[in-house]
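Q: Could you take me through one part of this molecule slowly, strand by strand, and then show me what surrounds it? I have the sequence and the model open beside me.

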Amino acid sequence: MSFSDFSTEGFACRVVDLKKEFVLKSETVRALRGVTFDVPTGDYVAIMGPSGSGKSTLLNLLGCLDQPTSGSLWLGDDDVAKMTDDQLADIRSRRIGFVFQAYNLIQQLTVVENIQVPLFYQGKPLSREQHQRCLDLANMVGLGERLDHRPTQLSGGQQQRVAIARSLINDPFFILADEPTGNLDSRTTEEILQLFERLNNEGRTIILVTHEDEVSKRAKRVIRLKDGRLQWDRTNSQEVRDEAARYAIENMPVEV
Ligand SMILES: Nc1ncnc2c1ncn2[C@@H]1O[C@H](COP(=O)(O)OP(=O)(O)OP(=O)(O)O)[C@@H](O)[C@H]1O
Ligand SMILES: [Mg+2]
């Protein structure tokens, strides 16, 4: 595999009795109440569940954006719960691609500059190869003609594609996406899902959060959370995945 692989035992991550509490002035919110599951390398998981069930909290922990209150989160051989802030930042910047629901693009920067942002956190000047890689990624997500546009000059779907290109700039082993198709029309949703399928076929592990059945059916596996607990964990058969892809394409609105 060409991208940074930090799994030595065939697992992208292993989550054991993971808990996350938010302590507020008047109360403690128990967002995750003990969640356990494994994600083999190359898996493609959709996380579903009602609003407030803990999906984003879980994804943020998997992405090392936050630390658990208790329990273990293994990324390869490393227990994230025991890592220092520097180690977490290193994992985040080199091994994980995170796609935020709200895109989180920097408004003052162009498409190509936004894609470059994670490289700046590595503190080194950009190499020619890295610059070329930004251009290649912009092309891959269909924005080769929009390199100098700023986010306000792009549609929601285009902004989401910039966010996905940015998440891929470090050639991540692990792609985490919080409702990546939440605000998109069916055609753009399909483009993003096909992009994820391609990335997964290359061997990258994907975990995405979604509210949409049509999106979750495209994953290899669906985990459902309820009240901070894992309610169920199911595998999608290849027939279910193929059928969902066929249905999406057949029901695509005609382009005008
Ligand atoms: N930073 C925080 N401080 C306090 N409470 C929080 C914080 N983040 C999340 N919560 C609470 O934790 C619970 C789980 O929130 P989370 O954002 O994980 O839900 P979700 O499943 O992603 O919901 P949605 O589908 O609406 O995005 C909620 O009750 C939420 O209010
Ligand atoms: Mg959420």
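Let me begin with one pair: how many bridges do strand E1 (residues 11–23) and strand E4 (residues 70–75) have, and is their pairing parallel or antiparallel?

A: Happy to. First, a word on reading the model: it is predicted, so local features need pLDDT of at least 70 and side-chain atom pairs count only at pLDDT 80 or more, while totals for chains, interfaces and linings use all residues. Residues are numbered from 1 along each chain as its sequence is written, and chains are lettered from A and ligands numbered from 1 in the order in which they are written.

Now your pair. E1 and E4 are antiparallel and share four bridges. Strands here (E, at least two residues) and helices (H or I, at least four) are DSSP runs numbered from the N terminus, and two strands pair if DSSP finds at least two bridges between them. To find the pairing on your screen, look for Val 16, whose bridge partner in E4 is Ser 72, and for Val 15, which has Leu 73 as its partner in E4.

E1 also pairs with E2, in the antiparallel sense, over ten bridges. One place to see this is Phe 11, which stands opposite Pro 40 in E2. The two strands form a hairpin with four residues between them. Put these pairs together and you have an open sheet of four strands, in the order E2-E1-E4-E5, with antiparallel pairing. Its edge strands are E2 and strand E5 (78–79), each of which pairs on one side only.

From E2 we can step to ligand 1. Phe 22, Leu 24, Val 29, Ala 31, Gly 49, Ser 51, Gly 52, Ser 53, Gly 54, Lys 55, Ser 56 and Thr 57 surround ligand 1; a residue belongs here if its C-beta atom, placed from the backbone, lies within 6 Å of the ligand. Two elements give two or more residues to this shell: strand E2 (28–40) and helix H1 (55–62). H1 gives the most, with three residues. By class, the shell has four nonpolar, seven polar and one charged residues. In that count, Ala, Val, Leu, Ile, Met, Phe, Trp, Tyr, Cys and Pro are nonpolar, Asp, Glu, Lys and Arg are charged, and the others, Gly among them, are polar.

H1 leads on to a second sheet. This helix lies across E3, E7, strand E8 (205–209) and E9, and runs at about 150° to E8. For such angles, axes are lines fitted to C-alpha atoms, for helices over the stretch in contact, and the values run from 0 to 180 degrees between N-to-C directions. Contact is counted when the C-beta atoms of two residues, placed from the backbone, lie within 7 Å.

The second sheet is open too, with six strands in the order E6-E7-E8-E3-E9-E10 and mixed pairing. Strand E6 (96–99) and E10 are its edge strands, each pairing on one side only, and the twist averages 15° from one strand to the next. E6 runs parallel to strand E7 (residues 174–178), joined by four bridges; in E7, Ala 177 is the bridge partner of Val 99. Strand E3 (residues 44–48) and strand E9 (residues 221–226) also run parallel, with four bridges, and Ala 46 stands opposite Val 222 in E9. E9 then pairs with strand E10 (residues 229–235) in the antiparallel sense over six bridges, where Arg 224 stands opposite Trp 232. Between these last two strands the hairpin has two residues, and Asp 227 takes a positive phi near 50°.

One last stop is a pair of helices. The axes of helix H3 (residues 111–120) and helix H4 (residues 128–140) come within 9 Å and cross at roughly 125°. That makes H3 oblique to H4, because angles under 35 degrees count as roughly parallel, over 145 as roughly antiparallel, 65 to 115 as roughly perpendicular and the rest as oblique. On the H3 side, the contact is made by Val 111, Val 112, Ile 115, Gln 116 and Leu 119, and on the H4 side by Gln 130, Cys 134, Leu 135, Leu 137 and Ala 138. By class, this contact has eight nonpolar, two polar and no charged residues.
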